Amino acid sequence: MKLVPPINALVASMTLSQAASAQLAAADCEFTRICQVQMLCNSDVLAVRYGVDLTTGEGFAEGNNGRVEAIVFRGYAALSFVEVLLSGAVQTTTINISGHALHSRHTTFGGNSPESMVPAQYRGECELSGWP
């Protein structure tokens with residue numbers, strides 16, 4: 001999936017010499033706090049790497065379940081990654097310019113009851129590298 005403006009303008013303005021070799025901007029994140037059903041919070045560790053190929057504009061999220069495409073939004077104060085799951089549910093991550101991050105999961109197991117949907121909110125920190 002492609003970056004959503006204003007990043008498209010950044011990618012389009014790259015020189016041809018830069019386009020010849022892929023450049024990766026990445027955020028290596030570790031989320032250490034999780035809040036789930038009834039918003040009860042506990043310690044937990046979730047490591048995820050988010051990135052965007054600055055040549056193609058393609059975004060991704062990579063964790064313990066492999067690598068998936070992600071839509072990347074960039075504003076003046078934060079980056080956001082949106083993963084759309086096969087179930088139709090989404091996972092979102094927002095990282096501010098200081099590296100503080102929130103990761104939200106809206107998981108569904110396909111049932112018809114409220115218990116078939118499980119929310120989770122993670123808080124953590126990211127190390128940003130390669131972002132223009």
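Colleague: Let's start with Val-118. Is Val-118 buried, partly exposed or exposed?

Modeller: Keep in mind that this is a predicted model. The general idea is to compare a residue's relative accessible area with two cut-offs: under 20% is buried, over 50% is exposed, and in between is partly exposed. Val-118 comes out at 25% relative accessibility, so Val-118 counts as partly exposed. You'll find Val-118 in strand E9.

Colleague: How far is Val-118 from Thr-108 in space?

Modeller: For that, go from C-alpha to C-alpha. Val-118 and Thr-108 sit 10 residues apart along the chain, and their C-alpha atoms are separated by 6.3 Å. Try Arg-33 and Ser-43 next: these two are also 10 residues apart in sequence, with 4.7 Å between their C-alpha atoms.

Colleague: And what about Arg-33 itself, buried or exposed?

Modeller: Neither, as it happens. Arg-33 has a relative accessible area of 37%, so Arg-33 is partly exposed. Arg-33 belongs to strand E2. If you skip the neighbours within four places in sequence, Arg-33 is in contact with Cys-41, Asn-42, Ser-43, Asp-44, Gln-121, Tyr-122 and Arg-123.

Colleague: Let me zoom out for a second. How many helices and strands are there in the chain?

Modeller: There are two helices and nine strands. Read the elements off in sequence order and you get β-α-α-β-β-β-β-β-β-β-β. As for burial across the whole chain, 33% of its 132 residues count as buried.

Colleague: What share of the contacts comes from residues 24 or more positions apart?

Modeller: Take the contacts with a separation of 6 or more. Of these, 45% are between residues 24 or more positions apart.

Colleague: Now the inside. Which residues touch the most other members of the largest nonpolar core?

Modeller: A nonpolar core is a set of buried nonpolar residues joined through their side chains. The largest one here has 21 residues, and those touching the most other members are Ala-27, Cys-29, Phe-31, Tyr-50, Phe-81, Ile-95 and Trp-131. Strands E2, E3, E5, E6 and E9 each supply at least two residues of this core. E2 gives the most, with five residues.

Colleague: Tyr-50 is on that list. Where does Tyr-50 lie?

Modeller: Tyr-50 lies in strand E3. With a relative accessible area of 0%, Tyr-50 is buried. Leaving out neighbours within four places in sequence, its contacts include Ala-27, Cys-29, Phe-31, Phe-81, Ile-95 and His-103. The Tyr-50 side chain also makes a polar contact with the side chain of His-103, at 3.2 Å.

Colleague: What does Phe-31 touch?

Modeller: Not counting residues up to four places away in sequence, Phe-31 touches a set of residues that includes Val-45, Leu-46, Val-48, Tyr-50, Leu-102 and His-103.

Colleague: His-103 keeps turning up. Why does His-103 count as buried?

Modeller: Use the cut-off again: His-103 has 1% relative accessibility, so His-103 counts as buried. His-103 is found in strand E8.

Colleague: Which side chains make a polar contact with the side chain of His-103?

Modeller: To read a polar contact, look for a close pair of N or O atoms. The side chain of Thr-93 pairs with that of His-103 at 2.6 Å. The side chain of Arg-105 does so at 3.1 Å. We've already met the one with Tyr-50. On top of these, the backbone oxygen of Thr-92 lies 3.5 Å from a polar atom of the His-103 side chain. One more pair to find on screen: His-103 and Gln-91 are 12 residues apart in sequence and 7.3 Å apart in space, C-alpha to C-alpha.

Colleague: Last feature: pockets. What volume does the largest pocket have?

Modeller: Rolling a probe the size of a water molecule over the atoms shows where empty space is left. The largest pocket here has a volume of about 290 Å³. It is lined by 16 residues, and the closest to its centre are Asn-64, Asn-65, Glu-83, Gln-91 and Arg-105.

Colleague: Which strands supply the lining of the largest pocket?

Modeller: Strands E3, E4, E5 and E8 each supply at least two residues of the lining. By type, the lining divides into six nonpolar, seven polar and three charged residues.

Notes
Residues numbered from 1 in each chain as written. Predicted model: local features only at pLDDT ≥ 70, side-chain atom pairs only at ≥ 80, totals over all residues. Heavy atoms only, no water. 1 Å grid on protein atoms, 1.4 Å probe; cavity = no way out; pocket = protein on both sides within 12 Å on 5 of 7 lines; lining within 4 Å. Points joined across faces, edges and corners; volume = space filled by probe spheres on them. Helix = DSSP H or I, 4+ residues; strand = E, 2+ residues; numbered from the N terminus. Nonpolar A, V, L, I, M, F, W, Y, C, P; charged D, E, K, R; others polar. Core = buried A, V, L, I, M, F, W, Y, C linked by side-chain atoms within 4.5 Å. Buried < 20%, exposed > 50% of the residue type's maximum accessible area, 1.4 Å probe, protein only. Contact = heavy atoms within 4.5 Å. Polar contact = N/O pair within 3.5 Å; in protein donor to acceptor, adjacent residues only side chain to side chain.
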